[in-house]
Amino acid sequence: MRYSKQREAVYGVLCGTKAHPDVAWIYAQTRKIIPNISLATVYRNLDELERLGKIKKVSLENFAERYDANVFEHAHLVCERCGRINDVEIADVTVSHNICGAKRYEITFYGICGECREKYNKEILK
């Protein structure tokens with residue numbers, strides 16, 4: 001595959017965050033590097049990076065698709081209050097399965113993140 005300045009910029013933006021941003025955020029950040037980049041170019045490069053295994057697309061209930069530069073096996077916790085996505089190490093999760101031919105899996109937990117829980121607890125104590 002040929003080198004692409006646009007693909008490198010999109011990938012660099014995604015690698016520069018621990019968050020799991022949506023395409024609008026990636027587009028806005030990439031425009032700081034390449035002001036004339038189009039949204040279609042960002043989408044095309046995200047699709048190509050996913051096809052190459054450089055990033056993962058994270059599809060969630062009730063949220064826009066997000067992207068993750070961490071391609072190592074891990075789970076996600078999606079906060080139902082703020083929408084934040086946190087990585088959860090697989091070592092912290094016990095999974096029992098016996099599925100023949102499975103090559104990969106995705107685990108997503110939905111709940112309340114620690115930060116939102118902390119805010120809620122502080123509001124109760126007021």
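Here is a short conversation about the predicted model shown above.

Biologist: Before we start, what kind of model is this, and how are residues numbered?

Modeller: This is a predicted model, in which local features need pLDDT of at least 70, side-chain atom pairs count only at pLDDT 80 or more, and totals for chains, interfaces and linings use all residues. Side-chain values use heavy atoms, with hydrogens and water left out, and residues are numbered from 1 along each chain as its sequence is written.

Biologist: Which pattern does the protein follow along the sequence?

Modeller: Helices (H or I, at least four residues) and strands (E, at least two) are DSSP runs, numbered from the N terminus. The secondary structure comes to 4 helices and 5 strands. Read along the sequence, the pattern is α-α-α-β-β-β-β-β-α.

Biologist: What share of the residues count as buried?

Modeller: Buried means under 20% relative accessible area, exposed over 50%, and partly exposed in between (1.4 Å probe, protein chains only). The C-alpha trace spans about 50 × 50 × 20 Å along its principal axes. Of the 126 residues of the protein, the buried share is 31%.

Biologist: Why do the buried residues of helix 1 lie on the same side?

Modeller: In helix 1 (residues 5-15), the buried residues are R7, A9, V10, V13 and L14. They sit on the same side of helix 1 because they cover an arc, taken from the directions from the helix axis to the C-beta atoms, of only 165°.

Biologist: And what covers those buried residues of helix 1?

Modeller: Contact here means heavy atoms within 4.5 Å. The elements covering the buried residues of helix 1 include helix 2 (23-33), helix 3 (39-51) and strand 2 (66-68).

Biologist: Which element gives the most residues to the largest nonpolar core?

Modeller: A nonpolar core is a set of buried Ala, Val, Leu, Ile, Met, Phe, Trp, Tyr and Cys residues joined through side-chain atoms within 4.5 Å. The largest one has 13 residues, and V10, L14, I26, V42, L46, I55 and Y67 touch the most other members. Helix 1, helix 2 and helix 3 are the elements that give two or more residues to this core. With 4 residues, the one that gives the most is helix 1.

Biologist: Which residues does I26 contact, leaving aside neighbours within four places in sequence?

Modeller: I26 is among the core residues that touch the most other members. With those sequence neighbours left aside, I26 is in contact with V10, V13, L14, P21, V42, L46 and Y67.

Biologist: Is D68 buried or exposed, and which side chain makes a polar contact of 3.0 Å with the D68 side chain?

Modeller: D68 lies in strand 2 and is buried, with a relative accessible area of 3%. A polar contact is a pair of N or O atoms within 3.5 Å; within protein, one must be able to donate a hydrogen and the other to accept it, and residues adjacent in sequence count only if both atoms are side-chain atoms. A polar atom of the D68 side chain lies 2.9 Å from the backbone nitrogen of N70. The contact of 3.0 Å joins the side chain of D68 to that of H76.

Biologist: Which strands stand at the edges of the open sheet?

Modeller: Two strands pair if DSSP finds at least two bridges between them. The open sheet has 3 strands in the order 4-3-5, with mixed pairing. Each edge strand has a single partner strand, so one side of each is left without a neighbour in the sheet: these are strand 4 (85-89) and strand 5 (108-111).

Biologist: How many bridges join strand 3 to strand 5?

Modeller: Strand 3 (residues 74-79) pairs with strand 4 in the antiparallel sense over 5 bridges, and A75 has V88 as its bridge partner there. On the strand 5 side, V78 has Y110 as its bridge partner. Strand 3 and strand 5 run parallel, and the number of bridges joining them is 4.

Biologist: What is the positive phi of G83 in the hairpin turn?

Modeller: Strand 3 and strand 4 form a hairpin with 5 residues between them. G83 is in the turn, and its positive phi is about 85°.
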